[in-house]
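Trainee: Could you go through this one with me? I would like to know how each label is earned.

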Amino acid sequence: NVKKNNPPYDIAEYILAVNSRYGYIEDAINNNYFSTDYFAWIDFSASHIVTIPPNKKITYSCHEKVRIGWIARYSNKQFVYNHYCLGGGIFVGYKEIMLELVKIHHKEFIKLMEMGYNINDDKLLFIIMEQNPHLFDIYFSDYSNLFIKL
């Protein structure tokens, strides 16, 4: 399924590794290792492109939405640039809405795979957002400012 993708998304192990985050999130929520009701995902390698200031804490308090960046520039009520993807390497949400996202992601990932496709996770999240906008608290950002704007 990945052979028609652009590098590095043409590497099956890469697609599997990136999409494994949802299983890890589900496990962390179900086992509540951190004794919290809110969970955030930050890619281990995010700092190669994302600015992560020292000692910055992630805070969020909305029960109904996942906070995530839309990779786009939006100015004067119009898109100056739209990458048609979400910044899946960094997002945060309440445990129940995160489990809902995990469930939807798994369903959509399997559906695409059975159709012969495995796309970049950021693009799949965008498709999920288009179908379920009520699940997301979106902010516009480039990749480098995802953490700062979170």
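Mentor: Gladly; let's begin with a pair of strands. Strand β2 (residues 66-75) and β3 are joined in the antiparallel sense over eight bridges.

Trainee: What makes β2 and β3 count as a pair?

Mentor: Two strands pair if DSSP finds at least two bridges between them. β2 and β3 have eight bridges, so they qualify as a pair. The strand names themselves come from DSSP runs, numbered from the N terminus: E runs of at least two residues for strands, and H or I runs of at least four for helices.

Before we go further, keep in mind that this is a predicted model: local features need pLDDT of at least 70 and side-chain atom pairs pLDDT 80 or more, while totals for chains, interfaces and linings use all residues. Residues are numbered from 1 along each chain as its sequence is written, and side-chain values use heavy atoms, with hydrogens and water left out.

Trainee: What do β2 and β3 form, and which residue in the turn has a positive phi?

Mentor: They form a hairpin with two residues between them, and N76 in the turn has a positive phi of about 55°. Beside the turn, S75 has Q78 of β3 as its bridge partner.

Trainee: How many bridges join β1 to β3?

Mentor: Five bridges link strand β1 (residues 38-42) to strand β3 (residues 78-94), and the two run antiparallel. Among the bridge partners, W41 is matched with F91 and I42 with I90.

Trainee: Why are β1 and β4 said to stand at the edges?

Mentor: The open sheet has four strands in the order β1-β3-β2-β4, with mixed pairing. β1 and β4 (136-141) each have a single partner strand, so one side of each is left without a neighbour in the sheet. Neighbouring strands here are turned by 35° against each other on average, direction ignored.

Trainee: What packs on the sheet, and which strands are touched?

Mentor: α3 does, touching β1, β2, β3 and β4, and its direction makes about 115° with that of β3. Touching, or contact, means heavy atoms within 4.5 Å. Helix α4 (residues 121-131) lies across β2, β3 and β4, at about 95° to β3. These angles run from 0 to 180 degrees between N-to-C directions, with axes fitted to C-alpha atoms, for helices over the stretch in contact.

Trainee: Which way does α2 pass α3, left-handed or right-handed?

Mentor: The crossing is left-handed. That name applies if the near helix is turned anticlockwise from the far one by less than a right angle; clockwise would be right-handed. The axes of α2 (residues 21-31) and α3 (residues 95-114) come within 10 Å and cross at roughly 145°. Y22, I25, E26, I29 and N30 of α2 meet K95, M98, L99, V102 and H105 of α3. By class, this contact has six nonpolar, two polar and two charged residues. Here Ala, Val, Leu, Ile, Met, Phe, Trp, Tyr, Cys and Pro count as nonpolar, Asp, Glu, Lys and Arg as charged, and the others, Gly among them, as polar.

Trainee: Why is F126 called buried?

Mentor: Buried means under 20% relative accessible area, exposed means over 50%, and partly exposed is in between (1.4 Å probe, protein chains only). F126 is at 6%, so it is buried. This residue of helix α4 touches W70, Y84, C85 and L86, not counting residues up to four places away in sequence. F126 and L86 are 40 residues apart in sequence and 5.5 Å apart in space, C-alpha to C-alpha.

Trainee: What about the cysteines C62 and C85, buried or partly exposed?

Mentor: C85, at 1%, falls under the cut-off and is buried, whereas C62, at 22%, is partly exposed. The structure holds zero disulfides, which means that no pair of cysteine sulfur atoms lies within 2.5 Å.

Trainee: How exposed are N32 and S35?

Mentor: N32 has 31%, in between the cut-offs, so it is partly exposed. S35 has 67%, so it counts as exposed. S35 lies in the loop between α2 and β1, as does N32. Neither is a glycine, yet N32 has a positive phi of about 45° and S35 one of about 50°.
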